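Reader: Could you take me through the enclosed spaces of this structure, and then through the way its chains are related?

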2 protein chains.
Amino acid sequence: MLIFIGLGLYDERDVSVKGLQAIKDADVICAEFYTSRLMGADQAKLEEFYGRKIRVLHREEVEVDPAWLEEARSKDVAFLVGGDPMVSTTHLDLRLRACEIGIQTRVIHSASIVTAVSGLTGLQNYRFGRSTTIPFPYTARGKRIIPETPYLVLKQNMERNLHTMLFLDIQNQRYMTVNEGSELLLEMAQCAGEDILDRQIAVGIARAGSIDACVRADLLPRLKDWNFGSPLHIMVVPAKLHFMEARALVALAGAPAEIVADAVD
Amino acid sequence: MLIFIGLGLYDERDVSVKGLQAIKDADVICAEFYTSRLMGADQAKLEEFYGRKIRVLHREEVEVDPAWLEEARSKDVAFLVGGDPMVSTTHLDLRLRACEIGIQTRVIHSASIVTAVSGLTGLQNYRFGRSTTIPFPYTARGKRIIPETPYLVLKQNMERNLHTMLFLDIQNQRYMTVNEGSELLLEMAQCAGEDILDRQIAVGIARAGSIDACVRADLLPRLKDWNFGSPLHIMVVPAKLHFMEARALVALAGAPAEIVADAVD
């Protein structure tokens with residue numbers, strides 16, 4: 001059997017009691033940490049906490065050639081992932097592949113950044129549209145390239161009055177901050193010759209799930225100067241706020257009080 | 001401090017290791033089980049597992065007159081809820097009330113039915129619109145009344161090409177089944193003189209988070225005859241399916257294979 005086990009948000013103690021037991025009982029323990037990773041625990045810390053060795057899989061071993069999957073025919077293979085499994089299409093794809101070759105699967109759920117962000121900000125879960133990732137700019141033929149996709153997704157969601165969750169890029173141990181993300185969004189708007197983000201409220205969240213999670217809402221141009229501390233960061237650009245959402249952002253994220261007056265019922 | 005602790009989906013072992021520790025360390029343990037409850041554990045089982053007494057609060061004590069909140073000024077009060085805290089507005093409201101009177105708050109996250117449903121069915125989280133509840137019909141002046149709200153919410157979501165999560169009513173220990181829910185939806189459509197649900201795929205889910213979770217997708221008129229077993233049940237009426245979602249419903253929920261051909265890329 002292939003058992004997908006969610007490790008939750010931040011460190012080794014965010015797994016459920018049920019998940020922890022299943023890890024201890026498994027014959028083989030695999031993990032992938034490229035779609036999502038726990039900032040509060042590295043492989044060594046997890047192995048010590050479980051009292052077990054973990055085989056960390058590369059993208060290729062998960063998506064292209066999962067030879068290890070064969071072991072799940074006769075053994076209980078635990079497959080560990082950050083957050084709640086299956087929110088990522090990668091996990092769904094792997095599960096379907098296992099089903100197709102007759103391997104039984106099971107999911108042990110855990111906290112996901114998707115509902116946690118909703119909980120930490122007070123923004124209602126059903127009002128979130130498609131999420132997107134802000135990538136680091138790169139240089140091609142001596143020119144700085146900023147992909148415009150995140151800005152296009154954001155605009156589409158705004159037109160439909162939906163909130164947008166913006167994941168921030170990770171590259172070689174370099175974690176994009178809310179500050180960099182805010183600046184890049186403003187730059188994308190500028191490239192498009194538009195100023196719709198200049199008076200836009202946005203929310204920065206750092207270390208969701210940890211004891212010192214930081215949540216701050218402000219106008220996007222001001223958010224880029226706030227110190228959120230260590231990673232992981234994530235951003236939300238909300239749609240037109242409902243009254244309760246505006247109240248929550250003021251109380252929980254220090255948003256400017258005037259957003260309550262602009263909110264809708 | 002007021003510490004919101006999510007207990008997850010099904011039984012006493014779905015809380016996170018971190019959450020369990022916080023419960024054991026708290027000075028006072030309160031809980032509310034009216035917005036959501038664990039089907040696999042009652043109060044006695046939870047108390048035995050924690051080795052602590054729980055004070056279960058009524059709706060009035062949470063929403064109208066939370067006098068117990070005063071204790072959180074000087075003590076650590078754990079507030080236990082099913083699922084992930086804050087997905088329900090009730091919890092957000094309580095948190096804002098605590099903030100207003102200067103009480104520090106903290107959230108320990110857990111698995112939520114919102115992402116679990118997404119994981120169990122393969123339906124993408126960002127495509128869910130507003131969710132709704134199908135209530136039991138009641139009798140007024142000798143006439144059977146079926147509220148039409150769930151049908152209206154469903155239609156609105158369908159027009160916007162969004163999935164709809166339908167919670168099923170609980171009344172005095174009576175749990176609505178997927179079968180009853182399906183029948184009621186069809187009856188609502190009939191009352192409206194519409195037949196849009198006759199060829200509509202729907203998904204029934206029973207006991208999410210338990211080892212014997214059951215997920216079944218079929219045409220709504222057929223779903224009402226499937227045996228899902230013991231509660232809690234929940235339903236999803238999906239929008240137009242993406243290819244990957246259709247494949248998942250066939251593999252994970254036994255949906256008719258022809259839905260894959262109708263799916264969009």
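**Cavities and symmetry**

Author: The second largest cavity is lined by A:Met86, A:Val87, A:Thr89, A:Leu92, B:Ser118, B:Gly122, B:Leu123, B:Gln124 and B:Asn125. A cavity here is a set of points, on a 1 Å grid over the protein atoms alone, where a 1.4 Å probe fits but cannot get out, and lining residues have an atom within 4 Å of a point. This is a predicted model, in which local features need pLDDT of at least 70, side-chain atom pairs count only at pLDDT 80 or more, and totals for chains, interfaces and linings use all residues. Residues are numbered from 1 along each chain as its sequence is written, chains are lettered from A and ligands numbered from 1 in the order in which they are written, and side-chain values use heavy atoms, with hydrogens and water left out.

Reader: Which strand of chain A gives the most to the lining of the largest cavity?

Author: The lining of the largest cavity includes A:Arg106, A:Val107 and A:Ile108 from chain A, and B:Gly8 and B:Leu9 from chain B. With strands taken as DSSP runs (E, at least two residues) numbered from the N terminus, the element that gives the most, with three residues, is strand 5 (residues 105-108).

Reader: By what turn can chain A be laid on chain B?

Author: Two copies of a chain are related by a rotation about an axis and a shift along it. Superposed by least squares on the C-alpha atoms of residues with pLDDT of at least 70 in both, chain A fits chain B with an RMSD of 0.0 Å and a shift of 0.0 Å along the axis, by a turn of 180 degrees. That is the relation of a two-fold axis.

Definitions and conventions
On a 1 Å grid over the protein atoms alone, a cavity is a set of points where a 1.4 Å probe fits but cannot get out, and a pocket is an open set with protein on both sides within 12 Å along at least five of seven lines; lining residues have an atom within 4 Å of a point. Helices (H or I, at least four residues) and strands (E, at least two) are DSSP runs, numbered from the N terminus.
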